[in-house]
Amino acid sequence: KNQINMNIKKITIDEVDLYSPLLEEGLSAILHTILFVRAPKFIKPEDFTCKKLAPLVYAKCGPDYVNQTVKEAIRELNKVKIQISPSIFTGVVSISFFEMKQRKAYLGLASYVDKIYFERWEIPILIKQVDSNDDWITIK
């Protein structure tokens, strides 16, 4: 598979500040919302009510591989986040959208699949590390 990045539209949203106990739920809501808006015909949304961010409800996107990809993106962010102070970390999550195009090689003896990327979203994240037992919800 070849990757083609010509004419890719890059969208960077404002930095999202999240307390560490809210990272998974908050980032899941953002990523699923982007997927729901950008690829509605490829997903099967269902309402998901957040537990820690209640009463927030978002369209959680299926099938299962979409949910697994979102979870993996969050795990990866936790692995590569950069510490900028004792309790503050930063990182970026990216989502890319592409079309798959099949093309035939010389004389049609073989074919290749190209991924043609047309849009990339970048979400800068600032993570404020707190003990989940702390009274972090009242921090202003």
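Is R38 buried, exposed or partly exposed? With a relative accessible area of 32%, R38 is partly exposed. The points below concern a predicted model, and they start from this residue.

1. R38 and its partners. R38 forms a salt bridge with E119, and the closest N and O atoms are 2.6 Å apart. This pair links distant parts of the chain: R38 belongs to helix α1 (residues 23-38), E119 belongs to strand β8, and the two are 81 residues apart. The acidic partner, E119, counts as buried, because its relative accessibility is 6% and the limit for buried is under 20%. R38 also lies over the face of F97, at 5.8 Å from the ring centre.

2. Other salt bridges. The count for the structure comes to 6 salt bridges. One of them joins K10 and E122, with 3.6 Å between the closest N and O atoms. K10 lies in strand β2 (residues 9-12) and E122 in strand β8, so this pair ties together parts that are 112 residues apart in sequence. K10 is exposed, with a relative accessible area of 54%. Strand β8 thus appears in both bridges described so far, through E119 and through E122.

3. The K101 and E99 bridge. The side chains of K101 and E99 also meet in a salt bridge, at 3.8 Å from N to O. K101 counts as partly exposed at 41% relative accessibility. E99 is likewise partly exposed, with a relative accessible area of 42%.

4. Aromatic pair F48 and Y58. A search of the whole structure finds 2 aromatic pairs. F48 and Y58 form a tilted pair, 5.3 Å centre to centre, with 55 degrees between the planes. F48 is in strand β4 (residues 44-49) and Y58 in strand β5 (residues 57-62), so the pair ties together parts that are 10 residues apart in sequence. Both F48 and Y58 are buried. F48 has a charged neighbour as well: the charged end of K60 sits over the F48 ring, 4.7 Å from its centre.

5. Aromatic pair F98 and Y117. F98 and Y117 form a tilted pair too, with 5.2 Å between the centres and 55 degrees between the planes. F98 lies in strand β7 (residues 88-104) and Y117 in strand β8 (residues 111-128); the pair links distant parts of the chain, 19 residues apart. The two rings fall into separate accessibility classes: F98 counts as partly exposed at 34% relative accessibility, while Y117 counts as buried at 10%.

6. The nonpolar core. In soluble globular proteins, nonpolar side chains tend to be buried together. Here the largest nonpolar core has 23 residues, and L27, L31, I95 and I125 have the most contacts inside it. At least two residues come from each of β3 (16-19), α1, α2 (64-80), β7 and β8. Helix α1 gives the most, with 5 residues.

7. Surroundings of I95. What does I95 touch beyond its neighbours within four places in sequence? I95 is in contact with L31, I34, L35, E119, R120, W121 and I123. That list includes L31, which is also among the core residues with the most contacts, and E119, the salt-bridge partner of R38.

8. S28 in helix α1. S28 is found in helix α1 and is buried, with a relative accessible area of 10%. A polar atom of the S28 side chain lies 2.8 Å from the backbone oxygen of E24. Leaving aside neighbours within four places in sequence, S28 is in contact with L23, Y58, V70 and I74. Y58 in this list is the residue that pairs with F48.

9. Cis peptide bonds. Most peptide bonds are trans. Where do the cis bonds before P55 and P63 fall? The bond from A54 to P55 is cis, with omega near 15 degrees, and P55 lies in the loop between β4 and β5. Those two strands carry F48 and Y58 respectively. Another cis bond joins G62 and P63, with omega about 5 degrees. P63 is placed in the loop between β5 and α2.

How values were computed. Residues numbered from 1 in each chain as written. Predicted model: local features only at pLDDT ≥ 70, side-chain atom pairs only at ≥ 80, totals over all residues. Heavy atoms only, no water. Phe/Tyr/Trp six-rings, centres within 6.5 Å; stacked < 30°, edge-to-face > 60°. Helix = DSSP H or I, 4+ residues; strand = E, 2+ residues; numbered from the N terminus. Buried < 20%, exposed > 50% of the residue type's maximum accessible area, 1.4 Å probe, protein only. Lys NZ or Arg CZ within 6 Å of the ring centre and 35° of its normal. Salt bridge = Lys/Arg side-chain N within 4 Å of Asp/Glu carboxyl O. Core = buried A, V, L, I, M, F, W, Y, C linked by side-chain atoms within 4.5 Å. Contact = heavy atoms within 4.5 Å. Polar contact = N/O pair within 3.5 Å; in protein donor to acceptor, adjacent residues only side chain to side chain.
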